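Me: Please take a close look at a single strand in this model, covering its burial and its partners. A word on one residue elsewhere in the chain would also help.

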Amino acid sequence: MTGGPVLAVDQGTSGTKALVLCPERGVIGTGTAPVRPRHLPGGLVEVDPRELYDSVVAAGRAALAEAGTPVTAVGLANQGETVLAWDPATGDPLTDALVWQDRRAASVCDGLADHAELLHRLTGLPVDPYFAAPKMAWIRRHATGAGVVTTSDAWLVHRLTGAFVTDAATAGRTGLLDPDTVAWSETALDLYGLGGERLPRVVDCDTPVGTTTAFGPPLPLTGLLVDQQAALLAQSAGEPSAAKCTYGTGAFLLARTGPEPRRVPSGLVSCVAWRLGGRVEHCLDGQVYTVASAVRWLTDLGVLAGAEEIDAVGGGVPDTGGVTFVPALAGLAAPWWRGDVRGSLTGLGLDTSPGHLVRALCEGIAAQVVELAAAVASDRGAPLTSLRADGGLTRSALLMQTQADLLQLPVEVASSPDATALGVGAVARLGLHPGLALHEAVPEWKPSAVYEPRIGADEAAARLAAFRAEVSALVDRGGAGAGAGGAGGSGGAEGVAGARGAESAAGAGSAG
């Protein structure tokens, strides 16, 4: 890597993590600050935007204080699909921020059923409350018509620098961007009832957008990138075919597809990975909505004391004891797109212990990731050879081993769980030094651990079949008709092999 240290800030769902990254010494300063989203009845998840901004400043200042050395630039990663309305004259928020998990815009999506196929074709995204456009439309219909309504990154950047911009990858998470031109789609805007809205300028991820004094001395903000694409960049700079999964509040599996967008049949999202120096890279993206948030749910029930107990509690039993857990606690995302579906626990008996529940959760998370991996392999027309993993829950050996077993492939755990911060730090470095090559800006990827499958393909297939049977039952009970982007689960262990996601261990960090 080239140049002096940079400050990389990852603004996530339940916390902000900041790292000072030195080209020679690696991470020389770390700061964290919590964020407390409110989970309300009816699938509503919201947060005070001021908490987001305050967490960015607090984490960044803490990292700089620990490093004790000047930095040359700042990079900011964001949650992607979290939106709010705000006053561009004062910078004051006009609404709470609707977090990416929030489902209140389901009615907006229902009203667009006749246009869902067109919107999917135009933007690469299904019509689903997960994405920004339905939330933006809901705010305009039910909250306020004042100010501007944007993803959280545009507001944060405005607060930091006064600029009104969003990066190409974050814009691609709205459902309003044409991935062929990487420009706002007037047709999509009109269909969502957002025609005439003042939207931020779409910029390259490595564009210097302004100067901030929020962290002390004036610093150029030279890197912007949505969190999961930042993690993908950090883990695939040297191997473009690599697929990565981040295990945070949710799990997010991404894989690069090259300079042209794809319209895929599997139910995965096709979107912009990044635009650097005017050159666009696209990717496939699949989501599991509840991962660390499901661990927190078990913790709130008293099954666990916290995520750090997953291995100790789950390791106390040899298997799930016949329990199957579909952790669809905020609905099923890709490849099903059934936000109306809720989770299930089946196979319970008087002998069911906390260990069985924990193992069943790990298996339920891993099984959903297998479906995503199979869809990626099918859409790219090439088998995966391994899966790279980052995020706070990669600290659980039980979860990672379960993932390798069901995937029937090696799972390579990143040496740092903070791949998002490493990725946006690299983008900031590229913005500061335009002549730098991507591989020169990103630290060399090295796994800290590799988990090989310990079970055979037949056992993996049987365990996946039990999970799929429960998902099918849930989908059938959820009502006729899949979501706009819906598709049946694909592949499985044998499908991945043949046809072929930073949160702390306690649950803080990136997952948008």
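Reply: What follows describes one strand, its two neighbours, and then one separate residue. The model is predicted.

The strand is β2, residues 15–22. Eight of its eight residues are buried, so β2 is largely enclosed by the rest of the structure. The burial holds for both faces: Gly15, Lys17, Leu19 and Leu21 point one way, Thr16, Ala18, Val20 and Cys22 point the other way, and all are buried.

β2 has a pairing with strand β1, which spans residues 6–11. The two run antiparallel and share six bridges. In this pairing, threonine 16 of β2 has glutamine 11 opposite. The connection from β1 to β2 is a hairpin of three residues.

β2 also pairs with strand β3, residues 26–34, again in the antiparallel sense, over eight bridges. Here lysine 17 of β2 faces threonine 32 of β3. Three residues lie between β2 and β3, and the two strands form a hairpin. Lysine 17 is among the buried residues of β2.

The separate residue is glutamate 281, in strand β19, which covers residues 279–288. Its relative accessibility is 14%; glutamate 281 is therefore classed as buried, since the cut-off for that class is under 20%. The glutamate 281 side chain comes to 3.2 Å from the backbone nitrogen of glycine 258. Leaving aside residues up to four places away in sequence, glutamate 281 is in contact with Arg256, Thr257, Gly258, Pro259, Val272, Ala273 and Trp274.

Notes:
Residues numbered from 1 in each chain as written. Predicted model: local features only at pLDDT ≥ 70, side-chain atom pairs only at ≥ 80, totals over all residues. Heavy atoms only, no water. Helix = DSSP H or I, 4+ residues; strand = E, 2+ residues; numbered from the N terminus. Buried < 20%, exposed > 50% of the residue type's maximum accessible area, 1.4 Å probe, protein only. Polar contact = N/O pair within 3.5 Å; in protein donor to acceptor, adjacent residues only side chain to side chain. Contact = heavy atoms within 4.5 Å. Pairing = 2+ DSSP bridges.
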